[in-house]
Amino acid sequence: MMGSDILAENNALQPVEPHMPLTLADIFDAARTIAGIADNTPMVPSPYMASFTGHDFLLKLENMQPIGAFKLRGAVNAVANLPDGTSGVTCCSTGNHGRGVAYAAGARGMRAVICMSSLVPLAKVDGIRALGAEVKICGTSQDDALAESLRLVKSEGLAEISPFDDAKVIAGQGTIGLEILRARPDIGTLLIPLSGGGLAAGIAVAARAIKPEIRLIGISMDRGAAMHASVQAGHPVEVEEVPSLADSLGGGIGMDNKLSFQICRDLLDDIVLVTEEEIYDAMQTLYYEDRIVAEGACVVGIAAIKAGRISGLKGPAATVITGRNLDMDMFTRIVSGQDIELGDYSIKGTPYRRKT
Ligand SMILES: *Cc1c(COP(=O)(O)O)cnc(C)c1O
């Protein structure tokens, strides 16, 4: 494979940032653990985005995972590493992590209790119940859901698996970085949807080690972008959580964040924010141009490029299409150009028109 013997595992690499809490070796371990269960999703070119940017543009299709989202990687790796005799697991989730944990726990015959806020779309809640997990709807924010999950750790002895601030979860998500660079060592820029930062941290640990000069950009919605606000402040801060088309990107990073904040702060080149209107347009774009049904959270990379928020792409770029677990009524309204109400925020609908 061209120039990628660095991906041979025995070519033990020093971490580029010596103080990093995770290394490429952790990601190789995770890749072994999730092999055959949550790996090797397709990566396909987007001809439209290639013509828009003037560079090859690749879509890593994590929407094709068995649970419809990349979170299965981290969840499988975390559950597999729990000690024998663990009675069960719990987590808080905006939906997809809970689905991953429910699936991974079910496969190990373990009880799973998933705590979510009332902001989580019903389609996601139903998907988790269908996997046999117990569901608790608590409060109106990720923080409320986390509080309940931590209470269950004390009262029922369950093991908690953070959606983003857990070394095994981050390493699991990082396997996406391995797969992208193994398939396309020439990728110059990675556009990574960013919320709690487990995905971006994992991909960054892998990608920086394999290709130090790669450009890594995290992208969030501009309403309630906790990692962006935290990196700007220099420490974790709370943001108000509001409904968004990118519901999977909602929630804080945890005031006592141990891993994902530091890794994102130190390894990402930039964090870019996009508006709800730009997400709306990008969901239409991915649907009409690439025929892909995906959540608002997945298209923030496309949104950022189309809105001109990322300048100077130098070589081939790739983004992660993170999941497909959306409310199909909402999706149908978006692709047919109708208005959308998100709590007290309205998006004025427009039929899709190709821009070049
Ligand atoms: C969780 C999630 C993200 C963001 O991942 P983080 O690790 O929290 O940054 C993006 N897209 C989808 C579909 C998700 O479920």
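Student: How do I read the make-up of a cavity wall, and which classes of residue form the lining of the largest cavity here?

Tutor: Start by sorting the lining residues by class: the largest cavity has 15 polar, 11 nonpolar and two charged residues in its lining. Keep in mind that this is a predicted model.

Student: How many cavities does a search of the whole structure find?

Tutor: A cavity here is a space where a 1.4 Å probe fits but cannot get out. With a threshold of 30 Å³ or more, the search returns two of them. The largest cavity holds about 260 Å³ of space. Its lining counts 28 residues, and those closest to the centre are F70, K71, S195, G196 and S248.

Student: Which helices supply residues of that lining?

Tutor: Helix 4, spanning 96-107, and helix 8, spanning 198-210, each bring at least two residues to the lining of the largest cavity. Helix 8 has the largest share, with three residues.

Student: What takes up the space of the largest cavity?

Tutor: That space is taken by the ligand. Around the ligand there are 15 residues, and the closest are K71, N96, S195, G197 and T322. By class, this shell consists of eight polar, five nonpolar and two charged residues.

Student: Which polar atoms of the protein should I look at beside the ligand?

Tutor: A good habit is to look for N or O pairs within 3.5 Å, then to ask whether the protein atom belongs to a side chain or to the backbone. For N96, a polar side-chain atom lies 2.8 Å from a ligand oxygen. For S195, a polar backbone atom is 2.8 Å from an oxygen atom of the ligand. G197 places a backbone N or O atom 2.8 Å from a ligand oxygen.

Student: How much of the ligand's accessible area does the protein cover?

Tutor: On its own, the ligand has 380 Å² of accessible area, and the protein covers 98% of this.

Student: Let's turn to pockets. What is the volume of the largest pocket, and which residues are closest to its centre?

Tutor: A pocket, in contrast to a cavity, is an open set of points. The largest pocket has a volume of about 500 Å³. Its lining has 22 residues, with L146, I253, G254, M255 and D256 closest to the centre.

Student: Which helix gives the most to that lining, and how do its residues divide by class?

Tutor: Helix 6, residues 142-156, gives the most, with four residues. The lining of the largest pocket divides into nine nonpolar, eight charged and five polar residues.

How values were computed
Residues are numbered from 1 along each chain as its sequence is written. This is a predicted model: local features need pLDDT of at least 70, side-chain atom pairs count only at pLDDT 80 or more; totals for chains, interfaces and linings use all residues. Side-chain values use heavy atoms; hydrogens and water are left out. A residue is near a molecule or strand if one of its heavy atoms lies within 4 Å of it. A polar contact is a pair of N or O atoms within 3.5 Å; within protein, one must be able to donate a hydrogen and the other to accept it, and residues adjacent in sequence count only if both atoms are side-chain atoms. Accessible areas come from the Shrake-Rupley method with a 1.4 Å probe; for residues, only the protein chains shown count as cover. On a 1 Å grid over the protein atoms alone, a cavity is a set of points where a 1.4 Å probe fits but cannot get out, and a pocket is an open set with protein on both sides within 12 Å along at least five of seven lines; lining residues have an atom within 4 Å of a point. A molecule sits in a cavity or pocket if more than half of its atoms lie within 2 Å of its grid points. Ala, Val, Leu, Ile, Met, Phe, Trp, Tyr, Cys and Pro count as nonpolar, Asp, Glu, Lys and Arg as charged, and the others, Gly among them, as polar. Grid points are joined across faces, edges and corners, and a volume is the space filled by probe spheres set on the points.
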